[in-house]
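Student: I should like a close look at a single part of this model, namely the surroundings of the ligand. Please describe that part in detail and then place it in the context of the rest of the chain.

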Amino acid sequence: MSNRAALRYDTDADARAREIETQMTDDERFSLLVSVMGASEMLPVRDERIPADVPMSAGYVPGVARLGVPALLMSDAGLGVTNPGYRPGDTATALPAGLALAATFDPALARAAGEVVGTEARSRGFNVLLAGGINLARDPRNGRNFEYLSEDPLLSATMAAASINGIQQQQVISTIKHYSLNCNETNRHWLDAVIDPDAHRESDLLAFQIAIERSQPGAVMTAYNKVNGEYAGGNDALINTVLKGAWGYRGWVMSDWGATRSWEYALKGLDQESGAQIDALLWQGEAFSGPLRAAYADGRLSRERLSDMVRRILRSMFAVGIDRWGAAPALDMSAHHRIALQIARQGIVLLKNDGVLPLGTESEAHVAVIGGYAQLGVVAGCGSSTVVPPGGYADVLPIGEPGPLSGFRSLYLLPSPPLTELRQHLPHARIEFDPGLSPAEAVLAARRADIAIVFVIRVEGEGFDNADLSLPWGQDSVIAAVAAANPNTVVVLETGNPVAMPWRDSANAIVQAWYPGQAGGQAIAEVLTGTVNPSGRLPITFPVDLRQTPRPGLPGLGAPWGTPTTICYREGADVGYRWFARQGHVPMFAFGHGLCYTSFEHRDLVVSAGDTVTASCTVMNTGDRAGADVPQLYLTAAPSEKRLRLLGFERVELEPGESRRVTIEAEPRLLARYDGGAGGWRLEPGTYSIALATSATAPQLVAEVQLGGRFLGR
Ligand code: BGC
């Protein structure tokens with residue numbers, strides 16, 4: 001859609017929403033305010049509000065046919081169209097984890113990912129994707145970090161906006177979620193996330209703000225937790241004051257599934273109750289179906305607010321265009337597979353390499369592949385984002401317990417076995433497999449081989465935080481024993497978070513593959529052999545251990561489900577690398593870090609200052625193979641304080657000997673501080689220190705610039 005056309009729909013959307021809403025009966029208005037969940041293995045009863053011809057999915061809201069208002073058919077989301085038992089046999093492209101996508105530092109790929117999910121959603125009739133997970137990675141134990149993007153507001157916002165634009169381009173509404181601070185899963189329904197409100201604006205809320213400005217998602221999904229004492233779904237300060245007030249957001253606000261405890265959330269800004277049957281199960285009744293109508297009948301809910309709720313939903317329908325679908329675009333599942341492959345290739349991060357990699361496709365080495373179910377497939381994270389890939393899972397191992405989300409918790413293996421791929425990519429090598437059951441057995445295989453590749457995995461997902469940073473099932477001991485037996489040991493991590501690496505000094509190479517999606521095995525084999533030159537950069541800091549993080553102990557961990565828990569995000573806006581800089585901690589692997597098989601040189605940094613900071617530098621590939629570099633621009637000091645902040649980045653692909661001039665312009669709010677007293681962003685006048693860097697701890701070129709003071713607004 002051209003910009004002009006988009007603009008027309010946007011203004012038309014407001015007018016049409018008003019016009020249609022005026023013609024509605026109150027019953028029709030209320031019907032738009034509640035979504036019900038489809039029948040699945042988790043909720044086996046089919047809700048009678050869902051018509052027989054509607055495919056089962058996470059949410060259904062009836063339309064108003066006489067007024068041309070389509071029903072809303074909602075599906076998860078960010079990593080592909082999910083199907084947790086709703087539609088037997090329906091499979092979809094399973095993309096790599098959000099962290100892998102962010103590690104590409106490539107917004108064009110994020111957009112392509114959005115287009116994949118948007119097209120596949122549309123082909124099934126789903127017109128709302130519950131995508132756009134953008135909670136910052138504040139804690140390396142958070143079970144859902146793999147679904148999100150990064151610890152940095154700019155990187156997260158850039159990638160989320162690109163992917164939301166990719167979805168909405170297909171005339172499918174995308175959410176952005178979970179607003180805000182659902183940064184831990186432990187007792188998330190009883191969690192109070194406490195934070196200084198100005199620091200919140202400079203961190204998680206800044207990520208939401210920038211992403212919303214750049215992509216206009218049709219809906220915002222609130223979080224399960226409380227924020228500063230008020231449940232996110234009924235948080236007047238967050239929804240009415242910040243989102244709809246300061247930012248002027250015009251779409252609608254929906255709750256998370258089973259997170260609406262009271263009709264009064266409508267007064268605090270919530271427009272739609274989601275997964276209403278779960279509210280009925282958990283909180284003794286649906287909040288919007290009965291009580292909201294009663295509140296309207298006796299005047300506690302005004303007509304004006306009711307109309308506003310409805311108009312917001314209609315507005316997003318019309319602005320995104322779900323009411324004017326033509327024929328569904330053709331589906332090219334092989335093209336989608338290639339996008340999944342490309343994200344995995346670019347998202348894999350080479351953390352360490354003492355020289356064993358790349359193996360080279362001509363290698364005749366004897367290679368021991370050990371552990372991680374590498375003979376079967378690659379791991380996917382679990383929860384509402386898990387996608388059934390074409391052909392189904394390679395295997396599913398239920399893990400279960402504790403707590404009500406135990407049904408979600410399984411080891412899902414996607415059918416892209418690294419072992420098979422390695423055999424294809426190393427046709428002359430002698431490859432044997434050992435399951436990695438015990439250190440003693442693995443060592444026997446490692447001793448026989450020239451090179452040992454140990455695959456290690458972790459089951460992480462929704463509803464659970466990791467108790468610590470260790471690898472389960474004795475895998476740390478397997479690596480330690482193998483690395484002691486074979487100096488050419490490569491460790492490949494399929495995890496949804498950083499892990500501790502007590503064996504890191506003895507491993508020759510370490511590869512972070514995340515949850516790499518349905519083509520993950522191929523991408524891993526290509527990176528190990530050197531068919532693909534790794535270019536991923538860490539979107540999250542890898543600590544040496546939990547003592548380096550803001551919360552060595554996680555409040556509420558191990559408490560029974562239903563125990564009220566408070567997490568004080570005392571790091572405020574100093575999330576991830578900013579916390580490490582503030583504390584003077586040296587991480588194991590820094591934000592932005594990632595190695596490759598070539599080398600790059602940066603030179604001739606020129607920084608100019610006007611309304612913001614603009615930096616340019618020359619990047620040259622000084623090695624002997626093509627590769628991609630990700631120069632990163634950081635603020636390192638502001639007039640009155642040392643302050644580290646990513647200001648921008650650019651991924652550049654270069655042939656050997658090729659060089660290119662790269663220009664990065666800083667988003668001005670990243671140079672400013674949020675001033676709660678004044679209700680806006682304030683840029684201090686004075687000297688700003690800027691660094692062009694290869695990671696948050698590795699500045700290459702530095703400069704200073706003078707900026708005039710300015711109030712930047714809300
Ligand atoms: C998750 C949401 C998801 C919803 C619908 C909830 O459990 O927190 O992210 O969109 O379920 O499946």
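Tutor: In this predicted model, the shell around the ligand is made up of six charged, five nonpolar and two polar residues. There are 13 residues around the ligand in total, and those that come nearest are Asp-76, Arg-144, His-178, Asp-256 and Glu-462. Two of these names return when the polar atoms are examined. The side chain of Arg-144 places an N or O atom 2.8 Å from an oxygen atom of the ligand. For His-178, the distance between a polar side-chain atom and an oxygen atom of the ligand is 2.7 Å. Tyr-224 also takes part, with a polar side-chain atom 3.2 Å from a ligand oxygen. On its own the ligand has 310 Å² of accessible area, and the protein covers 94% of it.

The chain that forms this site can be described next. The chain contains 18 helices and 31 strands. Its radius of gyration is 25 Å, which agrees with the value near 27 Å that a compact globule of 714 residues would have. Along the principal axes, the C-alpha atoms fill a box of roughly 80 × 60 × 50 Å. Of the 714 residues, 64% are buried. The accessible surface of the chain amounts to about 24,000 Å², and carbon and sulfur atoms account for 51% of that surface. Contacts that span long stretches of sequence are also recorded: among contacts between residues at least 6 apart, 76% join residues at least 24 apart.

Three individual residues illustrate the interior. Consider Ser-316, which belongs to helix H12, spanning residues 303-320. Its relative accessible area is 2%, so Ser-316 is classed as buried. The side chain of Ser-316 reaches the backbone oxygen of Gly-218 at a distance of 2.6 Å. Gly-218 is also among the residues that Ser-316 touches beyond four places in sequence, together with Ile-173, Gly-251, Trp-252 and Gly-321.

Thr-541 is set in a loop, the one that runs between helix H17 (520-529) and strand E19 (565-568). With a relative accessible area of 5%, Thr-541 is buried. Its side chain has two polar partners to report. One is the side chain of Glu-151, joined to that of Thr-541 by a polar contact of 2.6 Å. The other is the backbone nitrogen of Tyr-577, which the side chain of Thr-541 reaches at 3.3 Å. Both partners appear in the list of residues touched by Thr-541 outside the four nearest places in sequence, and that list also includes Pro-498, Gly-576, Phe-580, Pro-587, Phe-589 and Phe-591.

Leu-292 is the third case, and its place is in helix H11, residues 291-297. Leu-292 has 0% relative accessibility and therefore counts as buried. Leaving aside residues up to four places away in sequence, Leu-292 touches Phe-30, Leu-33, Trp-263, Ala-266, Ala-287, Leu-301 and Met-309. A separate distance concerns Ser-262, which stands 30 residues from Leu-292 along the chain: the C-alpha atoms of the two are separated by 8.6 Å.

Key
Residues numbered from 1 in each chain as written. Predicted model: local features only at pLDDT ≥ 70, side-chain atom pairs only at ≥ 80, totals over all residues. Heavy atoms only, no water. Near = heavy atom within 4 Å. Polar contact = N/O pair within 3.5 Å; in protein donor to acceptor, adjacent residues only side chain to side chain. Areas by Shrake-Rupley, 256 points an atom, 1.4 Å probe, with all protein chains shown as cover. Nonpolar A, V, L, I, M, F, W, Y, C, P; charged D, E, K, R; others polar. Helix = DSSP H or I, 4+ residues; strand = E, 2+ residues; numbered from the N terminus. Buried < 20%, exposed > 50% of the residue type's maximum accessible area, 1.4 Å probe, protein only. Contact = heavy atoms within 4.5 Å. Rg over C-alpha atoms; globule rule 2.2 N^0.38 Å.
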